[in-house]
Amino acid sequence: MSTAANRMTPFRISALAFGFAFLYIPILSLIVFSFNKSRLVTVWTGFSTEWYGRLFRNEQILNAAWLSLKIAAINATGAVILGTLAGLALARFGKFTGRTVFAGMTTAPLVMPEVITGLSLLLLFVAMDQVFGWPSGRGVTTITIAHMTLTMAYVTVIVQSRLSTLDDSLEEAAMDLGARPTKIFFLITLPIIAPALISGWLLAFTISLDDLVIASFVSGPGSSTLPMVIFSKVRLGVSPDINALASIMVLFVTVGVIIAGILMARQEKRRQRDMQMAAAGGK
Amino acid sequence: MNPRAAAESPRGQRHSAGIQLVLRVLQQFPPYRWTQARLLSWGVSGRTAVIAIPYFWLLLFFLVPFIIVLKISFAETQIAMPPYQPLLQWSGEKILQVKLNIGNFLYLVEDSLYWRAYLNSIKVAGISTLLCLLVGYPVAYAIARANTTWRNVLLMMVILPFWTSFLLRVYAWIGILKNNGLINNFLTWLGIIDQPIVMLQTDFAIYVGIVYSYLPFMILPLYSTLEKMDLTLLEAAADLGCRPFKAFMTITLPLSMPGVVAGAMLVFIPAVGEFVIPALLGGPESLMIGKVLWTEFFSNRDWPVASAVATALLLLLVVPIVLLQRAQGAEARGAHK
């Protein structure tokens with residue numbers, strides 16, 4: 001049905017074209033100039049992959065990348081656990097004492113400027129070190145805790161919104177049949193919201209991998225994350241091996257998004273087929 | 001896979017079977033049974049645990065830090081580790097001495113650097129939010145009015161840059177805005193200019209950086225509000241002879257206000273405290289409070305003043321944050337109707 005409101009007017013097409021050009025030209029320029037022969041990142045002098053070679057021989061960047069990946073993975077898993085609990089509480093438990101404070105605390109990290117959360121967490125770790133002796137010195141543990149606190153907010157929002165749109169008739173049916181809440185959660189709810197949990201995991205992973213400010217505040221000597229290394233290089237000026245790094249990350253993300261899109265389309269087709277079969281043969 | 005099939009699938013059975021097995025084994029142990037009975041008699045159930053675990057995590061790692069920041073903003077600097085004096089000191093037997101030093105806050109008020117930075121940050125964040133709205137609204141509108149197959153692809157394309165590194169995308173703009181960067185080279189090649197336009201290390205570059213980085217945060221709430229809009233209202237207006245532009249101004253725009261507010265807050269609040277964009281794209285004279293806080297902390301090693309700066313910034317942002325929580329609450333309630 002193509003009403004007047006659904007027409008693709010020239011205004012809309014040009015709005016989309018300009019908007020997406022604005023979004024993608026910087027990314028494309030990063031990729032194009034990662035293959036540039038000269039060091040000047042903005043004058044094309046010839047095709048060369050030497051910057052990729054340089055990148056893979058750069059110990060500092062490789063170590064930082066490995067550290068960042070480890071931290072991001074641990075953080076994402078922890079954030080999903082905490083965020084699922086929080087999202088479940090907010091979506092399903094109705095009013096409980098301290099709900100407003102809880103809701104505020106879970107969504108505030110989303111908008112709070114990172115300099116504030118970074119500074120406050122560092123001060124906390126220093127104070128805890130003085131009083132309890134843990135965490136002694138700052139490093140991987142403190143960065144992971146800080147990132148989990150930040151990213152669990154995102155997972156909470158995702159899980160909460162997914163649970164609030166979920167039809168709970170299946171769970172109610174299970175309760176009528178006598179199943180305990182734990183069993184219901186693990187057997188019924190969890191498989192249904194699994195895609196939301198996966199996207200929450202990926203989101204937490206990406207945010208942790210990319211975080212500069214909080215990591216700078218709470219890291220210690222010897223625990224430099226990838227963004228910290230990139231930032232110190234980039235402050236001094238443009239550097240083509242960073243372009244190479246950027247291109248590799250864009251490649252991973254694009255492949256990941258395409259795979260996710262294909263999987264979701266396939267799942268949608270399967271769901272349609274199941275529904276048809278249920279409607280036709282369910283009698 | 002439909003939920004019933006998933007629940008009865010071998011995988012679903014194994015998930016729950018594993019947990020059930022663990023719980024059943026634990027039930028064999030009297031200590032576990034005793035603890036469980038005690039907890040239940042106190043009213044602590046599984047439900048409480050679900051709330052308590054994230055609650056205490058956030059209390060400890062989110063709320064308590066702010067209290068500590070507040071406390072240290074009242075402390076004095078000292079050359080030691082940590083570089084501030086303890087606030088509470090036992091002098092004598094039971095007399096608690098509280099040294100409240102409001103000098104840090106007075107320092108903030110007296111030294112013009114700080115309140116100039118606050119005002120400039122609000123100004124820059126405000127202008128960037130407005131520009132972001134102007135760029136993002138047409139895109140969100142066009143996506144919301146596209147047909148369904150295109151919509152998902154377009155949304156995916158809006159979100160894709162968000163998944164790549166924020167730091168690297170800001171870095172990309174250095175190469176574009178430099179004096180011998182992409183834009184200047186292109187314009188020189190076209191013959192439009194002889195001298196490069198200075199764009200990097202100016203407030204303009206910061207605007208571009210903020211608009212670019214936060215655009216998805218503006219588009220998504222706008223899209224979700226516009227998509228829910230009832231199009232028959234526009235049809236009715238057209239039937240009554242209303243011109244499209246007037247229909248937009250009187251119908252679509254007011255109805256999309258919740259999305260506008262949500263998007264604007266999602267951009268404005270973090271933009272005020274931004275550090276990376278002013279550090280990479282701005283110049284030495286672009287005063288942003290995020291940069292000031294960072295310098296105060298890392299270069300000057302003045303933790304009490306940095307804490308005072310952070311406290312003042314937090315107080316500044318309380319109003320927009322409350323606005324955002326209200327807007328989100330209203331949207332959540334609307335979704336439940």
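So, how many residues of chain B are in contact with chain A, and how many of chain A with chain B? Keep in mind that what we have up on the screen is a predicted model. In it, 96 residues of chain B touch 92 residues of chain A.

Let's talk about area. The size of an interface is often given as the accessible area lost when the parts come together. Here, chain B and chain A bury about 8700 Å² between them, and 81% of that is on carbon and sulfur atoms. On the chain B side, helix α4, residues 46-73, gives the most to the surface touching chain A, with 19 residues.

What about charge and polarity? The rule finds 0 salt bridges across the interface of chain B and chain A. Polar contacts do turn up there: 7 residue pairs, both partners at pLDDT 80 or more. And if you sort the chain B residues that touch chain A, you get 73 nonpolar, 18 polar and 5 charged.

Okay, on to the rings. Over all chains, the structure holds 28 aromatic pairs. The one I'd like to show you is A:Phe217 with B:Trp294, an edge-to-face pair with 5.8 Å centre to centre and 75 degrees between the planes. Where do those two sit? A:Phe217 is in helix α9 of chain A, residues 213-218, while B:Trp294 is in helix α15 of chain B, residues 289-299, so this pair joins two chains.

Are these two rings buried or exposed? A:Phe217 has a relative accessible area of 2%, so we call A:Phe217 buried. B:Trp294 comes in at 10% relative accessibility, and that counts as buried because the cut-off is under 20%.

Now stay on B:Trp294, which also pairs with B:Phe298. That pair is tilted, with 4.5 Å centre to centre and 45 degrees between the planes. Both residues belong to helix α15 of chain B, 4 residues apart, about one turn of the helix. B:Phe298 is at 29% relative accessibility, so B:Phe298 counts as partly exposed.

Last thing, zooming out a little. Which residues do the ring pairs link into a cluster with B:Trp294? From chain A, you have A:Phe217 and A:Phe231. From chain B, there are B:Phe275, B:Phe297, B:Phe298 and B:Trp303, along with B:Trp294 itself.

That's my bit, thanks.

Notes. Residues numbered from 1 in each chain as written. Chains lettered and ligands numbered in written order. Predicted model: local features only at pLDDT ≥ 70, side-chain atom pairs only at ≥ 80, totals over all residues. Heavy atoms only, no water. Contact = heavy atoms within 4.5 Å. Buried area = accessible area lost by both parts, 1.4 Å probe. Salt bridge = Lys/Arg side-chain N within 4 Å of Asp/Glu carboxyl O. Polar contact = N/O pair within 3.5 Å; in protein donor to acceptor, adjacent residues only side chain to side chain. Nonpolar A, V, L, I, M, F, W, Y, C, P; charged D, E, K, R; others polar. Phe/Tyr/Trp six-rings, centres within 6.5 Å; stacked < 30°, edge-to-face > 60°. Buried < 20%, exposed > 50% of the residue type's maximum accessible area, 1.4 Å probe, protein only.
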